[in-house]
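Please open the structure in a viewer and keep a selection tool at hand. The tour below proceeds from one selection to the next and describes what is found at each stop.

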Amino acid sequence: MQGIELHGGDSVSYAVKVKREQMSELRRLTRKNETEMAKTIGVSRGTYRRAMEGENVSAAFIAGASLGFRVPFDSLFYTVEMKTKQAA
């Protein structure tokens, strides 16, 4: 992931994660199992499960969920800032 360089050589990048409670509620409302959720999003069941366990998600996952369920980005996802110190 490409970062943004900050003053002093540090950089910052962002990761996107699933809002697990909202995704679980969407799954409940649509009455889909994990396999069906993954299929709607366009990913494997394993990828869906890893996202629900807190791993970063890809742009394809985001687009698949947003388009597949017709919901805006911020209803299912949030960003996390990750600062990286440059080696001295």
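Begin with the largest nonpolar core of this predicted model, which has 18 residues. Select Val-18, Met-23, Ile-41, Tyr-48, Val-57, Phe-61 and Phe-77, the residues with the most contacts inside this core. Next, colour the elements that supply it: β2 (11–18), α1 (20–30), α2, α3 and α4 (59–69) each contribute at least two residues. The largest share, four residues, comes from α4.

**The overall frame**

Switch to a cartoon view of the protein, in which five helices and three strands can be displayed. Followed along the sequence, these elements are arranged as β-β-α-α-α-α-α-β. Colouring by burial marks 30% of the 88 residues as buried. If contacts between residues at least 6 apart in sequence are drawn, 58% of them join residues at least 24 apart.

**Helix α2 and its buried face**

Select helix α2, residues 34–41. Its buried residues are Glu-34, Met-37, Ala-38 and Ile-41. Looking down the axis of α2, one sees these buried residues within an arc of 95 degrees, so they line one face of the helix. Which helices does this set of residues pack against? Displaying the surroundings shows α1, α3 and α4 packed against the buried residues of α2.

Stop at Glu-34, which is located in α2. Glu-34 counts as buried because its relative accessibility is 18%, below the 20% cut-off for burial. Beyond its neighbours within four places in sequence, Glu-34 is in contact with Arg-27, Arg-45, Tyr-48 and Arg-49.

Then move to Ile-41, one of the core residues with the most contacts. With neighbours within four places in sequence set aside, its contacts are Met-23, Tyr-48, Ala-60, Phe-61, Gly-64, Ala-65 and Phe-69.

**Where α1 meets α2**

Add α1 to the selection. The axes of α1 and α2 are 11 Å apart, and the two helices pack at an angle of about 105 degrees. An angle of 65 to 115 degrees counts as roughly perpendicular, and α1 and α2 are therefore placed in that class. On the α1 side, select Met-23, Leu-26, Arg-27 and Thr-30; they meet Glu-34, Met-37 and Ile-41 in α2. Coloured by residue class, this contact comprises four nonpolar, one polar and two charged residues.

**Where α2 meets α3**

Replace α1 with helix α3, residues 45–52. The axes of α2 and α3 come within 8 Å and cross at roughly 100 degrees. These two helices are therefore also roughly perpendicular to each other. From α2, the contact is made by Glu-34, Thr-35, Met-37, Ala-38 and Ile-41, and from α3 by Arg-45, Tyr-48 and Arg-49. The residues of this contact divide into four nonpolar, one polar and three charged.

**The buried side of α3**

Keep α3 in view and select its buried residues, Tyr-48, Ala-51 and Met-52. Around the axis they cover an arc of only 100 degrees, which puts them on the same side of α3. The elements covering these buried residues include β2, α1, α2 and α4. Continue just past the end of α3 to Gly-54, which takes a positive phi of about 110 degrees.

**Two stops in α4**

Centre the view on Phe-61, a residue of helix α4. Is Phe-61 buried or exposed? Its relative accessibility is 1%, so Phe-61 counts as buried. Not counting residues up to four places away in sequence, Phe-61 touches Val-18, Met-23, Ile-41, Val-43, Thr-47, Tyr-48, Ala-51 and Phe-77. For one of these partners, draw a distance between C-alpha atoms: Phe-61 and Tyr-48 are 13 residues apart along the chain, and their C-alpha atoms are separated by 8.5 Å.

Finally, select Ser-66, which also lies in α4. Ser-66 is buried, with a relative accessible area of 15%. Which residues does Ser-66 touch, not counting those up to four places away in sequence? They are Val-71, Pro-72, Phe-73 and Phe-77. The last of these, Phe-77, returns the tour to its starting point, as it belongs to the core residues with the most contacts.

Technical notes. Residues are numbered from 1 along each chain as its sequence is written. This is a predicted model: local features need pLDDT of at least 70, side-chain atom pairs count only at pLDDT 80 or more; totals for chains, interfaces and linings use all residues. Side-chain values use heavy atoms; hydrogens and water are left out. Axes are lines fitted to C-alpha atoms, for helices over the stretch in contact, and angles run from 0 to 180 degrees between N-to-C directions. Angles under 35 degrees count as roughly parallel, over 145 as roughly antiparallel, 65 to 115 as roughly perpendicular and the rest as oblique. Contact means heavy atoms within 4.5 Å. Ala, Val, Leu, Ile, Met, Phe, Trp, Tyr, Cys and Pro count as nonpolar, Asp, Glu, Lys and Arg as charged, and the others, Gly among them, as polar. A nonpolar core is a set of buried Ala, Val, Leu, Ile, Met, Phe, Trp, Tyr and Cys residues joined through side-chain atoms within 4.5 Å. Buried means under 20% relative accessible area, exposed over 50%, partly exposed in between (1.4 Å probe, protein chains only). The arc is that of the directions from the helix axis to the C-beta atoms.
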